[in-house]
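Got a minute to go through some ring contacts? Here's the model, then a few questions and answers.

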Amino acid sequence: MDFMGIPTPAINEEERFKRYKEALKHIRVIILSVDGVLTDGQINYTESGDEIRTFFARDGFAIKEALAQGLRIVVISTRPSKATMRRMIELGVTDVYLGIRSKLETYEEIKQLYNIRDEECLYIGDDYDDLAILQKVGFSATPLNGIDALRYNVGYVSAFEGGKGCVRDVIELTLVEQGKWRYGQLYR
């Protein structure tokens, strides 16, 4: 079994916890998939064909906090979505890649654009098209309802589902470990 690319045949939970806390300290860029991470994965349409998306307010709060603390937030999806673009504009996210052909190619372009290494990237994904990136980044996470193949191959499985607090959970963990969470550690 690997933990964030490190062979870990006999790692205990205490060692795993120490490793992921250390990995979070080096994160500069948080990359988020849309469907199943920022949303609950449902895609709804009105009678007129307009897309309806639901975003969790607490995830948005955490995204704004991460931006305010100097982290870069990147959103990627193979699906175009006006609703997603609108929400990201509201939150101040400027790195939004929607309707892309390949998440992995886009990830590599982002690293070059910002001159960052894999170790400085955190990725939250929930399905097979996220796996290649999750295996490369410095910290990988999936929502509680991410597919089994991911839940057994990431550094962190959130206690929250996609579109229901997963993003908040992972961003808060990151900011706490970096000493940038302004709201204390009320429950950790």
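Q: How many aromatic pairs does the structure hold?

A: This is a predicted model, and it holds six aromatic pairs.

Q: Why is the pair of phenylalanine 61 and tyrosine 183 called tilted?

A: Their planes are 50 degrees apart. Stacked needs under 30 degrees and edge-to-face over 60, so 50 lands in the tilted class. The centres are 5.5 Å apart, and the cut-off for a pair is 6.5 Å.

Q: What parts of the chain does that pair link?

A: Distant ones: phenylalanine 61 sits in helix α3 (residues 57–68), while tyrosine 183 is in the segment after α8 (166–177), 122 residues apart.

Q: What makes the pair of tryptophan 181 and tyrosine 183 edge-to-face?

A: The angle between the planes is 65 degrees, and over 60 counts as edge-to-face, so the label fits. Centre to centre, these two rings are 5.1 Å apart.

Q: Why is tryptophan 181 called buried?

A: Its relative accessible area is 11%, and buried means under 20%, so tryptophan 181 qualifies.

Q: And why is tyrosine 183 counted as partly exposed?

A: Tyrosine 183 comes in at 37% relative accessibility. Partly exposed lies between 20% and 50%, so that's its class. Phenylalanine 61, at 34%, is partly exposed too.

Q: How do you know that the charged end of arginine 72 sits over the ring of tyrosine 114?

A: The charged end is 3.7 Å from the ring centre, and the distance limit is 6 Å. The call also takes in an angle limit, within 35 degrees of the ring normal.

Key
Residues are numbered from 1 along each chain as its sequence is written. This is a predicted model: local features need pLDDT of at least 70, side-chain atom pairs count only at pLDDT 80 or more; totals for chains, interfaces and linings use all residues. Side-chain values use heavy atoms; hydrogens and water are left out. Helices (H or I, at least four residues) and strands (E, at least two) are DSSP runs, numbered from the N terminus. Buried means under 20% relative accessible area, exposed over 50%, partly exposed in between (1.4 Å probe, protein chains only).
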